[in-house]
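Student: I should like to understand how the labels given to charged side-chain contacts are justified. May we go through some of them in turn?

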Amino acid sequence: MSVKVLALDLERTLIDDALSGRPRPGLSEFLSFCGERFRRVAVFTTVEEADARDALARLDRAGHLPSGLLDRLEFVGWSGEFKDLAFVPDATPGEVVLVDDDDGWVRPDQRGQWVPVAAWDGGPDSELARVRVVLEGWLSGCPQAAELCAAADRDLLSDL
């Protein structure tokens, strides 16, 4: 099934936290890729929507978001124990890919639609570049191969 929606967690995935809103290294390039390659990009976060919008607006004003992305970002309203991909409007769970740092929020039966990202609280980081490789695999129809390549790249980088 093709990917219709890329759902992105906010805190510790794209930024450190909603209050300070420090952008993860590589955020602008990553979001440019997302905006260019995915028809729909959504924010799927535990942060209240108004606070998430405020944090993203601050990033936009500071030049960390690609032009026009803020206007087309969707926000997924949800409740419950998990970030259920069925909450994403006009898409089936199989048409959504979730990028999130916390496996506790991922529904067990939807883990195949999850791209894990290492949690980030600040400091040097290249995780969004790895996630981009994985997402390119999703777009090409081969997510497993992309994850293997990303894991190999991560191993090579750790040996440097």
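**Salt bridges and exposure**

Tutor: In this predicted model, Asp109 and Arg107 form a salt bridge through their side chains, with an N to O distance of 2.6 Å.

Student: What makes the contact between Asp109 and Arg107 a salt bridge?

Tutor: The N to O distance is 2.6 Å; the cut-off is within 4 Å, so the pair qualifies.

Student: Why is Asp109 called exposed?

Tutor: Its relative accessibility is 56%, and exposed means over 50%, so Asp109 meets the criterion. Arg107, at 25%, is partly exposed.

Student: Which residues are joined into one network by salt bridges that share partners?

Tutor: Asp9, Lys83 and Asp100 are joined in this way.

Student: How do you know that Asp101 is buried and Arg12 partly exposed?

Tutor: Asp101 has a relative accessible area of 19%, and buried means under 20%, so the label holds. Arg12 has 32%, which lies between the cut-offs of 20% and 50%, so Arg12 is partly exposed.

Student: What do Arg12 and Asp101 tie together?

Tutor: Their salt bridge has its closest N and O atoms 3.6 Å apart. Arg12 lies in the loop between β1 and α1, and Asp101 in the loop between β4 and β5, so the pair links parts that are 89 residues apart in sequence.

Student: What separates Asp54 from Arg58 within helix α2?

Tutor: They are 4 residues apart in that helix, which means a separation of about one helical turn. Their side chains form a salt bridge at 2.5 Å, N to O.

How values were computed
Residues are numbered from 1 along each chain as its sequence is written. This is a predicted model: local features need pLDDT of at least 70, side-chain atom pairs count only at pLDDT 80 or more; totals for chains, interfaces and linings use all residues. Side-chain values use heavy atoms; hydrogens and water are left out. Helices (H or I, at least four residues) and strands (E, at least two) are DSSP runs, numbered from the N terminus. Buried means under 20% relative accessible area, exposed over 50%, partly exposed in between (1.4 Å probe, protein chains only).
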